[in-house]
Amino acid sequence: MGVLGEAMMESVDSSGSRFTPLVVVELASDTKEEAIGWLLSRIRDQQRHGGAELLVEQLGPGIAAQEKDNPNMFLVGASQQRLLSGAEDVGLFKEFSDGSMRGFTCANKHNFKDFKGDGDSFLSMAECQYIVKHELDTLRARDETHVPGYAQVKLYPGKSIIRRLQSKGILIQMFPLHEKEELKRLSFSWYKKVKLSLQPLDDIRHYYGEGQAFYFGFLEYFTFALVPMALIGVPYYLFDWEGYDKYVIFAAFNLVWCTVILELWKRCSASLAYHWGTLSRKKAFEEPRPGFHGVLGFNPVTGREEPLYPNAKRQLRIYLVSVPFVLLCLYLSLYVMMIYFQMEGWALTVHDEEPTFWTGILLFIPSIIYAVVIEIMNLIYRYAAEFLTEWENHRLESSYQNHLVLKVLVFNFFNCFASLFYIAFVMQDMVLLRQSLATLLITSQILNQFMEAFLPYWLQRRRNKKMIHKVRKRKTLEDKELPLAEQVRLEADMSTYLGTFDDYLELFLLFGYVSLFSCVYPLAAVLVVLNNITEVYSDAFKMCRVFKRPFSDPAANIGVWQLAFEAMSVIAVVTNFALIGMSPEVKAYFPDSETQLILWTVAIEHALLAFKFLLAFLIPDVPKHIQIKLARLEFESLEALKKKKMLEASELGKMQ
């Protein structure tokens with residue numbers, strides 16, 4: 001496989017053909033022999049016989065073999081021709097000779113820009129691994145009634161074999177292998193050298209796929225978008241320390257800023273998606289989730305046998321159990337918040353009675369404790385939300401993710417911002433609001449950096465040292481490069497990357513701190529910029545050194561998070577205008593009637609919301625030049641279809 005073959009050790013499968021290992025499949029160590037033999041034969045079988053037509057071999061014991069090592073680890077690869085046909089199956093978009101992005105077809109392969117010879121370096125390793133995963137995922141049961149050796153693990157025609165084995169714990173994990181040389185190059189250009197330059201998004205996409213690249217692209221964009229806010233915030237903070245009345249201009253800037261940056265991101269996102277070939281890519285038909293269960297029946301769309309679960313039953317679980325549980329958690333969050341205010345009041349009383357240096361420090365203690373408690377509550381709630389969403393039994397992964405995101409966002413938003421809303425609009429204490437916002441922001445950033453980067457790195461270093469020590473006991477490694485068997489086992493022990501959910505959630509909360517209340521604490525944007533710069537390095541580091549390589553995710557945007565950020569920007573308009581309405585300068589215009597002030601505030605806030613939505617409508621989501629390219633492609637494909645039909649009709653006429 002050209003580049004891949006040079007970069008990784010090649011393996012030899014049972015038929016004697018050499019192949020590059022792409023994916024590791026690990027079965028439970030006590031898996032029965034007949035189940036292993038059956039699975040391997042299904043992976044190797046030709047497609048016309050219902051197999052995946054992939055290459056597979058068992059991982060050898062390696063140099064530092066131990067009795068506790070799992071023998072049931074298998075390396076999966078594919079021939080070049082199989083990968084190319086797989087690229088067509090998954091609808092992979094590649095650059096055409098005219099510079100446009102088109103769906104790859106084997107019949108047309110020589111018209112694609114980078115296709116040379118037999119196309120051995122045409123597909124990136126991430127794309128090859130995605131294809132192998134897709135072929136394994138779509139491996140279906142034929143006439144088997146159960147997994148051989150496991151009479152209780154039922155199978156029925158059309159059922160995904162891999163998903164069934166996963167849900168029953170026979171298949172422990174399936175992960176793509178790191179490509180050491182490419183990873184070294186990416187690490188160096190991404191986080192190993194401190195530099196003032198953009199992230200290598202194309203390289204990240206090439207190695208990890210579009211889903212990861214979009215997250216890092218958004219993180220970079222968000223950081224740059226915060227710079228104007230930070231530049232305005234610094235002089236505000238330095239020259240207007242006690243002048244809280246002067247935040248009207250800053251709040252007004254906030255209103256426009258949070259709308260414009262999200263609309264411009266959509267355009268930036270569309271440009272990236274077109275460049276990477278995912279903008280017009282058709283979404284594959286979604287298979288049921290591994291954990292989905294129900295009564296066996298026929299899917300009306302595919303005609304295949306699969307579990308069916310009544311939607312009414314799911315809705316009852318959501319509205320009678322999940323919704324009350326979320327409301328109960330919100331009540332508990334409110335209760336904890338009131339305890340925090342009591343602590344705050346006690347600290348203030350102690351300081352007022354006898355002000356000293358230590359009582360001054362004591363004023364910050366309740367906020368720090370509350371910030372830590374918020375993080376702990378968010379973590380506990382996250383596990384509960386995952387359990388509940390799993391119990392709701394959603395058929396599709398996308399539906400599961402949407403319900404989980406909604407539950408987590410509602411609680412996190414309430415838990416993190418309720419106290420700030422209470423201080424701002426009930427207590428109307430701007431000094432306390434500034435102090436609370438600063439403490440929450442700084443404490444949460446320190447905790448996040450520790451939990452996300454330093455702790456996993458420390459644990460991984462311990463694991464790596466153990467593995468390298470084991471190998472060195474048997475053999476001196478001259479080039480310090482682990483043999484393939486040891487490398488695979490080391491990666492198998494690495495932490496599993498659980499996706500970008502927590503990373504986006506952190507950015508969502510930071511966006512909230514900046515867009516909602518930064519007019520009261522103008523340094524918020526500066527702190528978030530500094531956090532994001534360290535976040536780029538720590539996230540890049542953990543992707544390259546701490547976690548297993550995740551499978552590529554062919555995304556066209558940041559998904560449901562775009563809606564979450566837009567919802568936050570709407571709340572930001574209301575919050576900022578309410579803060580403007582509370583300022584003494586605005587109140588001075590309505591000395592006699594508070595009702596008149598409220599009515600005017602609400603009216604102008606509604607007008608601003610209308611302006612915000614108009615702005616969102618006027619700024620096109622997809623740049624004009626990309627719209628033209630997409631329209632041209634659609635026109636060309638329609639014309640080609642017409643010609644094909646005309647040729648078929650004329651050939652039919654000649655035959656008659």
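Helix 4 (residues 125-137) lies across strand 3, strand 5 and strand 10, and runs at about 150° to strand 10, where axes are lines fitted to C-alpha atoms, for helices over the stretch in contact (heavy atoms within 4.5 Å), and angles run from 0 to 180 degrees between N-to-C directions. Helices (H or I, at least four residues) and strands (E, at least two) are DSSP runs, numbered from the N terminus. This is a predicted model, in which local features need pLDDT of at least 70 and side-chain atom pairs count only at pLDDT 80 or more, while totals for chains, interfaces and linings use all residues. Residues are numbered from 1 along each chain as its sequence is written, and side-chain values use heavy atoms, with hydrogens and water left out.

The strands beneath this topic belong to an open sheet of four, in the order 4-5-3-10, with antiparallel pairing; two strands pair if DSSP finds at least two bridges between them. Strand 4 (55-58) and strand 10 (171-176) are the edge strands, each pairing on one side only, and the twist from one strand to the next averages 20°. Within the sheet, strand 3 (residues 23-27) and strand 5 (residues 73-77) run antiparallel and are joined by four bridges, and Val23 stands opposite Val76 in strand 5.

Another antiparallel pair is made by strand 8 (residues 146-147) and strand 9 (residues 150-154), joined by two bridges. These two strands form a hairpin with two residues between them, and Gly149 in the turn has a positive phi of about 90°. Here Val147 stands opposite Tyr150 in strand 9.

Helix 14 (residues 430-474) holds Ser444, and Ile446 is found in helix 14 as well. Ser444 counts as buried because its relative accessibility is 7%, buried meaning under 20% relative accessible area, exposed over 50%, and partly exposed in between (1.4 Å probe, protein chains only). The side chain of Ser444 reaches the backbone oxygen of Leu440 at 2.9 Å. Ile446, by contrast, counts as exposed because its relative accessibility is 57%. The C-alpha atoms of Ile446 and Asn531 are separated by 9.0 Å, although these residues are 85 residues apart along the chain.

Helix 20 (residues 594-618) has 25 residues and reaches 36 Å from its first C-alpha to its last, close to the 36 Å expected at 1.5 Å a residue, a span reckoned as 1.5 Å times one less than the number of residues. Its buried residues are Leu597, Thr601, Glu605, Leu609, Lys612 and Leu615, and they pack against helix 9 (248-276), helix 18 (560-582) and helix 19 (584-587).

Notes: Polar contact = N/O pair within 3.5 Å; in protein donor to acceptor, adjacent residues only side chain to side chain.
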